[in-house]
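Trainee: I am new to this structure and would like to be led through it step by step. Could we look at it together?

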Amino acid sequence: MNKERILSAIKTQGIIAVVRGKNAEHAINVAEACIEGGVTCIELTFTTPHAHEAIRTLSQKYADNPTVIIGAGTVLDAITARIAILEGAQFIVSPAFDAETIKLCHRYQIAVMPGTTTLSGVIEAMEAGADIIKIFPGELAGPAMIRAIHGPLPQAVLMPTGGVTPDNAGAWLNAGCIAVGAGGSLTKGADNNDFAAVTEQAKKFVQAITAART
């Protein structure tokens, strides 16, 4: 799937599940629970031990399923980004700006999403060619910041991560975000291996996003 289709799928889905597992197997189970609940854009973070193994396993499993998008998160440098891409990651997310990571993703035509919480950071990311700019941590910004950024920069493509819940996901989208990223508020049940709870929470997110868009 090419980059334009990946970005279109993320926009259509409206949410990326941020999966932080205890290990690769745990992360795979969390991701599967999210997918079962209808959240099919999965960001596997490199805070998970052996995250590359989870990326490889899920990328191979869903290679023929265009509705499931597997990406990598907490990518701090170009080396990690290249590892993720070789394992099948279809998008790269970072909590901060790293020019070399963006450059490498452009080289291989992989969607890249650096993070920032400042207007100057948004401009820097846009000028470097970021496909989506991650507003992180979202709970420190709030939907009002999205509207503020879009005042001088209506063309900025933004996505918050951190503090996004089913109750406020619609507010973020209505403020102008292309999608939202949900971590602990979506996957908390997995802390106790309650993957059914993750699936139910995923369904709530899907319902909230659908409601906001209609």
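The questions below turn to a sheet and then to a pair of helices.

Trainee: In what order do the strands of the open sheet lie?

Mentor: Please keep in mind that this is a predicted model. The open sheet is formed by three strands whose pairing is parallel. Strand 6 (115-116) and strand 8 (158-160) each have a single partner strand, so they stand at the edges and one side of each is left without a neighbour in the sheet. The order is therefore 6-7-8.

Trainee: Which residue of strand 8 stands opposite Ile133?

Mentor: Strand 7, which covers residues 133-135, pairs with strand 8 in the parallel sense over three bridges. Across this pairing, the residue of strand 8 that stands opposite Ile133 is Leu158.

Trainee: Which helix packs on the sheet?

Mentor: The helix in question touches strand 6, strand 7 and strand 8, and its direction makes about 160° with that of strand 7. It spans residues 119-128 and is helix 6.

Trainee: Is helix 2 parallel or oblique to helix 3?

Mentor: The axes of helix 2 (residues 24-36) and helix 3 (residues 51-61) come within 8 Å and cross at roughly 40°. Since angles under 35 degrees count as roughly parallel, that crossing makes helix 2, relative to helix 3, oblique.

Trainee: How many charged residues are in the contact of helix 2 with helix 3?

Mentor: Helix 2 contributes Ala24, Ala27, Ile28, Ala31 and Glu32, which meet Glu53, Ala54, Thr57, Leu58 and Lys61 in helix 3. By class, six residues of this contact are nonpolar and one is polar, while the number of charged residues is three.

Terms used:
Residues numbered from 1 in each chain as written. Predicted model: local features only at pLDDT ≥ 70, side-chain atom pairs only at ≥ 80, totals over all residues. Heavy atoms only, no water. Pairing = 2+ DSSP bridges. Helix = DSSP H or I, 4+ residues; strand = E, 2+ residues; numbered from the N terminus. Contact = heavy atoms within 4.5 Å. Axes fitted to C-alpha atoms, helices over the stretch in contact; angles between N-to-C directions. Parallel < 35°, antiparallel > 145°, perpendicular 65-115°, else oblique. Nonpolar A, V, L, I, M, F, W, Y, C, P; charged D, E, K, R; others polar.
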